Amino acid sequence: MKFFVDTAEVDEIAELNDLGMVDGVTTNPSLIMKSGRDILEVTKEIAEMVDGPVSAEVVATEADQMIAEGRKLAKIADNIAVKVPLTWDGLKACNVLTNEGNMVNVTLCFSANQALLAAKAGATFISPFIGRLDDINLDGMELIADIRQIYDNYGYETQILAASIRTVNHAYQSAMVGSDVMTAPPKVIKAMAQHVLTDKGLAAFLADWEKTGQNIL
Ligand code: G3P
């Protein structure tokens with residue numbers, strides 16, 4: 001499974017990138033706002049740092065304007081994936097931008113039918129939002145599994161990008177149901193390394209080692 005980092009904080013991306021954990025980055029208008037950076041500048045910086053796709057989101061709501069914004073964002077670097085919302089206008093923009101040779105990430109997906117339309121519009125990535133479905137007491141993971149089945153039934157190549165990942169359990173479940181990619185905040189990716197038995201086991205090993213009086217170096 002590919003790991004995208006869901007942030008516009010350059011330092012956090014750099015730390016994970018140095019570990020070889022970053023297959024791409026996703027941003028959105030809220031994350032750009034939180035970073036306090038200019039969208040064109042920060043996106044360029046991120047795209048130079050990582051090899052994989054870097055999603056940059058349009059903010060227009062009408063197809064022609066989305067296409068114009070998408071073309072501008074795509075010019076930032078070869079690895080930009082233009083992010084468009086899953087509206088009818090967004091699907092139109094997806095189709096045009098895809099046919100022009102751009103990667104397109106269709107975001108704010110909350111149903112299997114929306115995901116089917118995105119695949120038909122030629123999306124490179126579809127972003128179902130797990131956490132926000134859980135927020136309203138629906139099962140985000142069922143949606144990922146449904147999209148997986150539909151895409152496999154018909155051989156769609158659109159990649160499922162599990163988004164709005166809030167917990168390590170979301171990450172685990174996304175992998176179990178065959179999501180192609182997950183995008184998660186750096187703190188969730190780091191938390192995946194934690195286990196209480198690892199900490200307990202390490203403490204016991206170190207206590208015993210102390211008793212040997214030995215040093216390795
Ligand atoms: O990947 C989309 C993500 O940024 C949304 O996450 O936690 O705001 O629902 P969240």
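**Close-up views of a predicted model**

**View 1. Cys-109 sits buried in this predicted model.** Its relative accessible area is 0%, and with buried meaning under 20%, that settles the label. Cys-94 gets the same verdict: it counts as buried because its relative accessibility is 0%.

**View 2. Here's a look at the cysteines and the bonds they don't make.** A disulfide is a covalent bond between the sulfur atoms of two cysteines. How many disulfides does the count come to? With a cut-off of 2.5 Å between sulfur atoms, the count is zero. Cys-94 is in no disulfide, and its nearest cysteine sulfur, the one in Cys-109, is 12 Å away. Looking from the other side, the sulfur of Cys-109 has Cys-94 as its closest cysteine sulfur, and 12 Å is too far for a bond.

**View 3. Now zoom in on the ligand and the residues surrounding it.** Asp-6, Asn-28, Phe-129, Arg-132, Ala-163, Ser-164, Arg-166 and Thr-183 surround the ligand. Look for the polar side-chain atom of Asp-6, which is 2.6 Å from a ligand oxygen. Arg-132 has a side-chain N or O atom 2.6 Å from an oxygen atom of the ligand, and for Arg-166 that kind of distance is 2.7 Å. On its own the ligand would expose 310 Å², but the protein buries 81% of that.

**View 4. Last stop: a nonpolar patch on the surface.** Trp-209, Ile-216 and Leu-217 make this patch, which covers about 440 Å². Where does Ile-216 sit along the chain? Find Ile-216 in the segment after α11 (196-212). Is Ile-216 buried or exposed? Ile-216 counts as exposed, because its relative accessibility is 74%.

Notes:
Residues numbered from 1 in each chain as written. Predicted model: local features only at pLDDT ≥ 70, side-chain atom pairs only at ≥ 80, totals over all residues. Heavy atoms only, no water. Patch = residues over 30% accessible without salt bridge, like charges linked within 9 Å, V, L, I, M, F, W, Y side chains within 5 Å. Areas by Shrake-Rupley, 256 points an atom, 1.4 Å probe, with all protein chains shown as cover. Salt bridge = Lys/Arg side-chain N within 4 Å of Asp/Glu carboxyl O. Helix = DSSP H or I, 4+ residues; strand = E, 2+ residues; numbered from the N terminus. Buried < 20%, exposed > 50% of the residue type's maximum accessible area, 1.4 Å probe, protein only. Near = heavy atom within 4 Å. Polar contact = N/O pair within 3.5 Å; in protein donor to acceptor, adjacent residues only side chain to side chain.
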